[in-house]
Each structure stands twice: as structure tokens, then as C-alpha cells.
Amino acid sequence: MNMKKKILAGLLSGALLFTGSQALANPPEMPDDDKTWQEEEAKHIGGWAKYISEKYGVESAQVEAALNDGVHIEDVKHAAILAKISGKNFSDVLAMKVDWRQVAEKLGVTREQVKEFYEQERDEHFAKMANVEVKTFRSLLKDGYDPHDIMIAGKIAQASNKNIKSVLDKRKINNTWEDVAKSFGVDMKKIMPPDHPHGK
């Protein structure tokens, strides 16, 4: 399994911090003349290194080195999160990894801290997608709205210059988000990714 497949597997797995995900073995040797493969892998690794560096304050060179060594992307992310919460060096935290629960205990990071961290990360992500403040997103979440519905309503509200609550109120059991968008004069294809199931 090459690095690209490892990264995709890590993304699709959605593994949580305390499930004890394991690092995969180093990728197999590839022919030296396979420049296309090597360039493609470098792009993916460089992109992830930049993303994790910017998001969690880890040096991109450390992340890139770990990925080049065959460390699974989920393990890299877990180490970055624990390093951020505990204030420890990323490489030192990654080297501690046997079971992430054990590492968290050694660092004094509690389940509650990890849960709060993931919730904060989720709230910031969806609030940004919905173009609302985090406190607004959380308020709507407490009212029982689904995060994805808040995100879609936010995009429709932004495109139509309407209040997000008025858009959410238009969504009923007998209509779709496509119907709601049309009622506000918004083309869903222009505000949502083409592969998103926005009509449901």
C-alpha cells in the first residue's frame, strides 16, 4: 500500500483518538525512474505537512519526515493534537506512541480535554462553512439542528442575504434543500460542491 492509499485510508477511517489506531509499515520501494509517482507522493505529503503545521502549530518539516517514514496520517494528526494540548514537542509525542490512550495518560491529557478539542474543531469547521460565528452555530446545534443542515442553510442565507434561522425554518419534512434554495432564488449548484448530496 503506497502513501497515497495510506492517507486515503486514514481519512476514510475517521478513527477517534482513543481507538488505538496503529501506524502502517513503510511503503514498498518504487522504481527510481518512476518520477510521476514520486512527484505525486511529494505533493500529497507536502500538502498534509502544511495543513497540520498551520492547524496545530507543528513544524511542517517534522510532519513531512514522519509521513515519509510511513507513519499513518491519523497517527500524525493524533500526535499533533496531543502535542498542542499538552504543550509538548510533536516528535517527542509521536515517539511515545504505543497506544494513544497510554500516551494521553502520560501527558496528563484527559478524555474530556480531547472531547472538547474535537467539538471545538467541529464547531469552527461548520461555523466557517456556514459563514456564522461559532457561538451562533452552537446555539443552533442546541436547538436541535444538524451540523450539515446548519452549513447548507448558512450558504443559502449568505447567497440570498437572509437570516440563517429563516432559511432553516423553511426546511420541512416534505421538501429538500434544493427546494429551499429555489424559494430564496439560490442555485444550489453554485454554492455547494458538485459531489455534495445537497438536494436531500
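## Close-up views of a predicted helical model

**View 1. Trp 48 and Tyr 51 share helix α2.** The two residues sit three places apart in α2, which is about one turn of the helix. The model is a predicted one, and by the ring-pairing rule it holds four aromatic pairs. Trp 48 and Tyr 51 make an edge-to-face pair, with 5.6 Å from centre to centre and 90° between the planes. How do the two partners fare for accessibility, buried or partly exposed? Trp 48 has a relative accessible area of 19%, so it falls under the 20% cut-off and counts as buried. Tyr 51, at 40%, is partly exposed.

**View 2. Phe 126 meets Phe 137 across two helices.** Here the rings are stacked, 6.0 Å centre to centre with 5° between the planes. This pair ties together distant parts of the chain: Phe 126 belongs to helix α7 and Phe 137 to helix α8, eleven residues apart. Phe 126 and Phe 137 are both buried.

**View 3. An aromatic cluster brings together Tyr 56, Phe 117 and Tyr 118.** These three residues make up one aromatic cluster. Look for Tyr 56 in α2, which runs over 35-56, and for Phe 117 and Tyr 118 in α7, which covers 111-130.

**View 4. Helix α3 has a buried face.** Which residues of α3 (residues 60-68) are buried? They are Gln 62, Val 63, Ala 66 and Leu 67. Looking down the axis of α3, you'd find these buried residues within an arc of 130°, so they line one face of the helix. After α3 comes Gly 70, with a positive phi near 95°.

**View 5. The largest nonpolar core draws on several helices.** This core has 27 residues, and the ones touching the most other members are Ile 52, Val 63, Val 76, Leu 82, Phe 90 and Val 93. Helices α2, α3, α4, α5 (90-95), α6 (100-107) and α7 each put in at least two residues. Which helix gives the largest share of the core? That's α4, with seven residues. Zoom in on Val 76 and, setting aside neighbours within four places in sequence, you get contacts with Ile 52, Val 63, Ala 66, Leu 67, Val 71 and Phe 90. Apart from this core lies another one, of 23 residues, including Phe 126, Val 132, Ile 156 and Ile 164. As background, nonpolar side chains in soluble globular proteins tend to be buried together.

**View 6. Asp 75 is buried and has a polar partner.** Asp 75 is part of helix α4, which spans residues 73-86. Its relative accessible area is just 1%, so Asp 75 counts as buried under the 20% cut-off. What does its side chain contact? The side chain of Asp 75 makes a polar contact with that of Trp 100, at 2.7 Å.

**View 7. Two asparagines in loops have positive phi.** Most residues other than glycine have a negative phi, which makes a positive value worth a look. Asn 131 has a phi near 60°, and its place is the loop between α7 (111-130) and α8 (134-142). Asn 161 also has a positive phi, about 60°, without being a glycine. You'll find Asn 161 in the loop between α9 (147-160) and α10 (164-170). Is Asn 161 buried or exposed? Its relative accessibility is 72%, so Asn 161 counts as exposed.

Key: Residues are numbered from 1 along each chain as its sequence is written. This is a predicted model: local features need pLDDT of at least 70, side-chain atom pairs count only at pLDDT 80 or more; totals for chains, interfaces and linings use all residues. Side-chain values use heavy atoms; hydrogens and water are left out. Helices (H or I, at least four residues) and strands (E, at least two) are DSSP runs, numbered from the N terminus. Buried means under 20% relative accessible area, exposed over 50%, partly exposed in between (1.4 Å probe, protein chains only). The arc is that of the directions from the helix axis to the C-beta atoms. A polar contact is a pair of N or O atoms within 3.5 Å; within protein, one must be able to donate a hydrogen and the other to accept it, and residues adjacent in sequence count only if both atoms are side-chain atoms. A nonpolar core is a set of buried Ala, Val, Leu, Ile, Met, Phe, Trp, Tyr and Cys residues joined through side-chain atoms within 4.5 Å. Contact means heavy atoms within 4.5 Å. Rings of Phe, Tyr and Trp (its six-membered ring) pair if their centres lie within 6.5 Å; planes under 30 degrees apart count as stacked, over 60 as edge-to-face and the rest as tilted.
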